[in-house]
Every structure is written in structure tokens, then in C-alpha cells.
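Here are my notes on this one, as promised. Have a look at the model first, then work through the points below.

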Amino acid sequence: LATALSSAVLAQDVSGKVIGFSQIGSESGWRAAETAVTRQQAEERGVDLKFADAQQKQENQIKAIRGFIAQGVDAILVAPVVATGWDDVLAEAKEAEIPVVLLDRGVDAPEDLYLTSVASDQVKEGRVAGEWLVEAVGDEDCNVVELQGTVGSTPAINRKAGFEEAIAGHDNITISQSQTGDFTRSKGKEVMEAFIKASNNAADICAVYAHNDDMAVGAIQAIKDAGLKPGEDILVVSIDAVPDIFSAIAAGEANATVELTPNMAGPAFDALAAYWADGTEPEKFIITESKLYTADSDPQGEYERRKDLGY
Ligand code: GYE
């Protein structure tokens, strides 16, 4: 029993490891939560986490990863800002025998260049958001404006595709305008203002679909500034499930969000622990859940639960 217990403990063990984390930046509330949870997970597990903030720039991420390789870290976590352009630096890490785990976004690179990827099914997230809208509008005509995430990032590409899949075949629903808001609150507001200006009559916009909650929160402000009621005159559906969207849902100013867990590091550390314990190859894609929340899902309670978790 003692041996069984100690090997079970060992399999979970990443303590004493030095792990580099190339984070994208701090564009959203979700990103801040992910950074906080990663630091917390590292501390609980005795990992020496080397944190590098890339300020949204891929070149900074590549530099940080090269720095981690030069330092000889035990593993590298990277949240890749865009999908392309990773082959060389990932091959360098592989050459140095440093396992790389992708967090929350994907890459267009050969799968043998990373150990595993911990992320949501982003096409599904878009689909869940779109299915909610299909259900909410029924037979009514609905003009949707779309706030896309960062250009070239997998969540922007996939969340767009999933939403379009869900509304396909529902000819009453059309996307009339679609632009990037770069996953930020300020750009979400700015682009929503432009959408409102460009439409003949702001009231013609039936819904806004934002690829994350922060852009939705910015859009809500723009809708109010235009003298309309978000959540009623213009429906608001987005992705992440951060506390601020729950306050908006509780206030009737947003309608639905799809949850993205900020705990990507937990499964990443588990995968590394098993890999180091006995060479266990993790699943290539570790997929987190995508649950829908609406006004019916106790938004005030969800807000408080997240605040208690330290979001
Ligand atoms: O939804 C958004 C963030 O990469 C999936 O990035 C993640 C997204 C998340 O800035 O808020």
C-alpha cells in the first residue's frame, strides 16, 4: 500500500520543477484570471514559475521561449497569441528536450512539436452561443453584429466558424457587420459604436455576438450611450463567463455567456507530472468544458462564486 500511495503521489508531482510561462498579455478579465490561477497552481505544487508577459506580441513570446530554453527550464507553457509562425521556436524546444504545453489557444504546427494542448473546443463555444441565439429569436428576423477576437488567433477563427455553423439554415438570422475588437473592452466599445453608426437605425441591430465577455461589456456601454437598452433592444451573447458579464446578466443588460475555465494550468501540470513520472504521453488535446449561462443560471450567485475564487 505504501508503495502504491507513494507512486500515486509521485505521479502528481511537479514540485521543484522550473517551468517557464509565456503569457499573451492582459487583454481581458479572463486572461487575468488565467494568470492568477496559473501562479496559484504553481505555488501549491511547488513549481518555480518563470512568468513572461508578451504584451500581445508574438515576437515577445518567441523571445521569451528562447530565453527559457537558454536557461534550461524543465518545461514551457505558452498561450500562443496567433496560430501561425511557431514551427521554428517549437522545434528548438524539442531539440533541447523541453516539453511544451499549449494553453487556451492552438497553433498551426506539427503536433509532435508540443506535448499537449489544454484548451476549450472553441468551435463548440461559438456553436453554443449561436444555438442560444437561434432559440432566443425564434422566427423573428435578426441582424447580428459580431465582435471578433484577435486577428489570426484560434479563438477568433473558431468561435466565428462555430457561430456561423449554428445559424446556418436559419435565414432569419444574418451577420450584418463583423470586425475585430482584439478581445479588449475598449476596442469592443469603439467597434460597437462604429457598428451603430454604420447601421441606418441602431434599433435595426438585433444582437451582438462578442468572442469574449470583455468586448461584450464594452459593447454594452456603446449601446447605452446610443440610448438603447442592452439585453432588450439589442441582445448580448458572448464567451468566457467572467464576473463582469454576470453582473451585466443580473442587471438584464446581457443575455448569455459560454464558460471558459481559467484553470488551464492544473491539467497542464497533471500532464507534465505523469509524463515525468513514467513517460506517460498525455492526450494531444485536453479539452475543457463549454457550459452556457443565462439569466436563469443564478447570475448573482455565479458572480459571487467567481469573486470568491479570486477572479
Ligand atoms: O476567451 C479571451 C482571451 O485565448 C481562449 O483569450 C482565450 C481567449 C479568451 O483574451 O478572453
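Is D104 buried or exposed? Let me start there.

1. D104 is buried, because 25 other C-beta atoms lie within 10 Å of its own and 20 would be enough. Bear in mind that this is a predicted model. D104 sits in the loop between β4 and β5, and although it is not a glycine, its phi is positive, about 60°. I'd look at this residue alongside the ligand, since D104 is also part of the ligand's surroundings.

2. On the ligand itself: the residues around it are E27, S28, W30, R31, D104, R105, P155, F183, N212, I239, D240 and L260. Sorted by class, that shell has 5 nonpolar, 5 charged and 2 polar residues. Two elements, α2 and β9 (235-240), each contribute at least two residues to the shell.

3. Next, α2 (29-44). The helix length checks out: 16 residues at 1.5 Å each should span 22 Å, and the end C-alpha atoms are 23 Å apart, which agrees. Its buried residues are G29, W30, R31, A33, E34, T35, T38, Q41 and A42; of these, W30 and R31 also belong to the ligand shell. The buried residues of α2 pack against β1 (18-23), β2, α8, β9, α9 (243-250) and α10. After the helix comes G46, with a positive phi near 70°.

4. The helix α10 (residues 265-278) passes the same kind of check: 14 residues should span 20 Å, and the end C-alpha atoms are 20 Å apart. Buried here are A265, P267, A268, F269, A271 and L272. They pack against α2, along with the strands β3 (75-78), β4 (100-103), β5 (116-120) and β11 (285-288). Just after α10, G279 has a positive phi of about 80°.

5. What about the nonpolar cores? The largest has 48 residues, and the members that touch the most others are A129, A207, V208, A216 and A219. Helix α8 gives the largest share of this core, 7 residues. A second core, separate from that one, has 38 residues, including A64, I76, V100 and V118. As background, nonpolar side chains in soluble globular proteins tend to be buried together. Back in the largest core, A207 touches L133, C142, V144, I234, L235 and V237, leaving aside residues up to four places away in sequence.

6. M215 is in α8 (residues 213-225). It counts as buried because it has 34 C-beta neighbours inside 10 Å. Leaving out residues up to four places away in sequence, M215 touches L147, G181, F183, T184, R185, K187, G188, A210 and S238; one of these, F183, is in the ligand shell. From M215 to D104 it is 111 residues in sequence and 18 Å in space, C-alpha to C-alpha.

7. One more backbone item is Q55, in the loop between β2 (48-53) and α3 (58-71). Q55 is not a glycine, yet its phi is positive, near 50°. It is partly exposed, because 13 other C-beta atoms lie within 10 Å.

8. Finally, the annotation. UniProt, in an unreviewed entry, places "domain: Periplasmic binding protein" at residues 19-274. In the model that span is 45% helix and 21% strand, with its end C-alpha atoms 15 Å apart.

Technical notes
Residues are numbered from 1 along each chain as its sequence is written. Helices (H or I, at least four residues) and strands (E, at least two) are DSSP runs, numbered from the N terminus. The expected span of a helix is 1.5 Å times one less than its number of residues. A residue is buried if 20 or more other C-beta atoms lie within 10 Å of its own, exposed if 12 or fewer, and partly exposed in between; C-beta atoms are placed from the backbone. Two residues are in contact if their C-beta atoms, placed from the backbone, lie within 7 Å. A residue is near a molecule or strand if its C-beta atom, placed from the backbone, lies within 6 Å of it. Ala, Val, Leu, Ile, Met, Phe, Trp, Tyr, Cys and Pro count as nonpolar, Asp, Glu, Lys and Arg as charged, and the others, Gly among them, as polar. UniProt positions are given in the numbering used here, feature names are shortened, and annotations may be inferred rather than shown by experiment. A nonpolar core is a set of buried Ala, Val, Leu, Ile, Met, Phe, Trp, Tyr and Cys residues joined through C-beta atoms within 7 Å.
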